[in-house]
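Subject: A structure for you to explore

Hello,

Here is the structure I promised to pass on to you. Have a look around it first, and then read on for what turned up.

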Amino acid sequence: MKMVKGIYKRWLWGVLGLTFAALIICGGVVAAVDPFFHYHGPIEGLSYPIDSERYQNDGISRHFAYDAVLTGTSMTENFKASQFDRLFGVTSIKIPFGGATYKEVDQTVRRAIAYNPEIRVVLRSLDGNFLLADKDDWNETAPNPDYLYDENILNDVNYVWNKEVLFGNVKSVLGLTKAGGHTTTFDEYMNWAPEKEWGKEAVLRTYGRVKERPKELPFTEEDRVMVTENLEQNVLASARANPQITFYYFIPPYSISYWDSELLSKGELRRYAEALRLEAELLLECENVRLFGFDDQFDITCDLGNYMDVIHYSEAVGDQLIQWMAEGEHRLTKENAGEYFERVEEFYRNYDYDRLYEPEEE
């Protein structure tokens with residue numbers, strides 16, 4: 001009996017030892033390769049697929065070399081960091097978050113500033129469809145790997161001993177390296193434009209026309225408070241706290257179909273327009289903010305060939321927006337903002353939306 005117990009103990013300790021050794025090896029491999037850049041930047045000689053914004057963006061902002069940040073929602077995913085660098089004279093990282101609320105984007109801006117005191121420029125989209133929202137709203141459908149964002153080393157077990165990371169992400173790094181591939185550039189990162197269908201037919205398939213216009217909803221005092229709190233917490237606080245940084249914010253130019261399907265058809269146009277006016281009023285009080293509006297570029301917004309759905313514009317449009325911002329074109333100021341919003345609201349309120357359904361000329 002004693003002999004059996006002795007054999008059992010040796011077997012148990014052997015299994016425990018092998019298990020512990022396997023854990024150390026697996027965790028060590030993940031930490032050494034570090035596909036999410038949680039501990040260090042890319043290792044020379046390895047090629048990294050950069051393709052998981054909510055898992056890799058924080059590591060990019062921690063460990064890459066840069067003095068400018070290009071961020072926002074899917075409105076910036078097709079932007080070219082190389083163009084941004086050339087026109088603004090910076091070295092940037094591109095860290096977008098598709099479907100992100102104002103708070104999520106602001107949190108990544110705050111972390112980047114905390115990691116890197118050399119930041120001189122931040123360029124960020126301010127999506128109108130996330131403006132009329134609670135200041136603490138978050139996209140609950142998107143992954144939120146907070147163990148990668150904090151300084152708590154204990155919850156890193158979710159990363160270093162994650163079989164999907166080991167057999168998925170680490171394997172991808174090694175596979176790409178073996179195949180002679182290159183680490184994803186920031187021009188390529190999250191660029192989905194080539195995979196999509198563009199044009200009038202593609203856009204019109206994404207919504208149904210509602211000709212009956214409901215009564216317009218007012219912009220209430222509750223709306224004013226909500227928009228103000230959203231901007232104060234998630235846009236202005238970071239800008240005011242960092243006067244050494246120039247913040248380039250832009251209101252993305254949604255297509256003519258957005259104004260039809262999401263605003264006029266739902267009685268939201270006046271409420272939306274007033275929210276944008278308030279946004280400009282508050283942001284233009286901040287000296288290190290440069291605010292740009294492109295909704296009056298009707299040759300872009302009315303040409304559905306520039307869109308894949310009611311809001312997402314093409315790479316070419318994105319290139320043009322960066323060019324304009326670098327040149328200071330279409331910048332909103334205290335002097336021109338009022339006239340700008342009047343022009344925008346009048347145009348979209350009175351547009352003949354039946355034209356969207358007319359056959360295209362051959």
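Let me begin with a definition: the expected span of a helix is 1.5 Å times one less than its number of residues. Please also keep in mind that this is a predicted model.

**Helix α12 and its buried side**

Now try that rule on α12. This helix has 13 residues, so at 1.5 Å a residue the span should be 18 Å, and the C-alpha atoms at its ends are 19 Å apart, which agrees. Which residues of α12 are buried? They are V317, G318, L321, I322, W324 and M325. Around the axis these buried residues cover an arc of only 160°, which means that they sit on the same side of α12. It helps to recall that an α-helix has 3.6 residues a turn, so residues three or four places apart point the same way. The cover over the buried residues of α12 includes the helices α3 (81-88) and α11, along with the strands β3 (121-125), β4 (246-251) and β5 (289-293). Just after α12 comes G328, which has a positive phi, near 80°.

**D309, a buried charge**

Next, go to the loop between α11 (298-301) and α12 (315-327), where you will find D309. This residue is buried but has no salt bridge, and the nearest side chain of opposite charge, that of K196, is 7.8 Å away. What does the side chain of D309 reach instead? One partner is the backbone nitrogen of H312, at 2.8 Å. Another is the backbone nitrogen of I311, which lies 3.0 Å from a polar atom of the D309 side chain. If you set aside its neighbours within four places in sequence, D309 is in contact with V203, T206 and S255.

**Salt bridges**

How many salt bridges are there? The count comes to 27, and three of the pairs make good practice.

- D106 and R110 have side chains that meet in a salt bridge, 2.5 Å from N to O. The two are four residues apart in helix α4 (residues 102-115), so about one helical turn separates them. D106 counts as buried because its relative accessibility is 0%, while R110 counts as partly exposed at 36%.
- R271 and E268 also join their side chains in a salt bridge, 3.0 Å from N to O. Here R271 counts as buried at 16% relative accessibility, and E268 counts as buried at 18%. The cut-off for buried is under 20% relative accessible area.
- E345 and R349 form a salt bridge at 2.7 Å, N to O. They lie in helix α13 (residues 337-350), and being four residues apart puts about one helical turn between them. E345 counts as buried at 8% relative accessibility, whereas R349 counts as partly exposed at 28%. Salt bridges with shared partners link E345 and R349 with E216, R270, E274 and R277 in one network.

**One last stop**

Is K178 buried or exposed? With a relative accessible area of 79%, K178 is exposed. You can find K178 in helix α6 (residues 163-178). From K178 to R270 there are 92 residues along the chain, and the C-alpha atoms of these two are separated by 56 Å.

Enjoy exploring, and write back with any questions!

Best wishes

Terms used:
Residues numbered from 1 in each chain as written. Predicted model: local features only at pLDDT ≥ 70, side-chain atom pairs only at ≥ 80, totals over all residues. Heavy atoms only, no water. Buried < 20%, exposed > 50% of the residue type's maximum accessible area, 1.4 Å probe, protein only. Lys, Arg positive; Asp, Glu negative; His and termini not counted. Salt bridge = Lys/Arg side-chain N within 4 Å of Asp/Glu carboxyl O. Polar contact = N/O pair within 3.5 Å; in protein donor to acceptor, adjacent residues only side chain to side chain. Contact = heavy atoms within 4.5 Å. Arc of directions from axis to C-beta.
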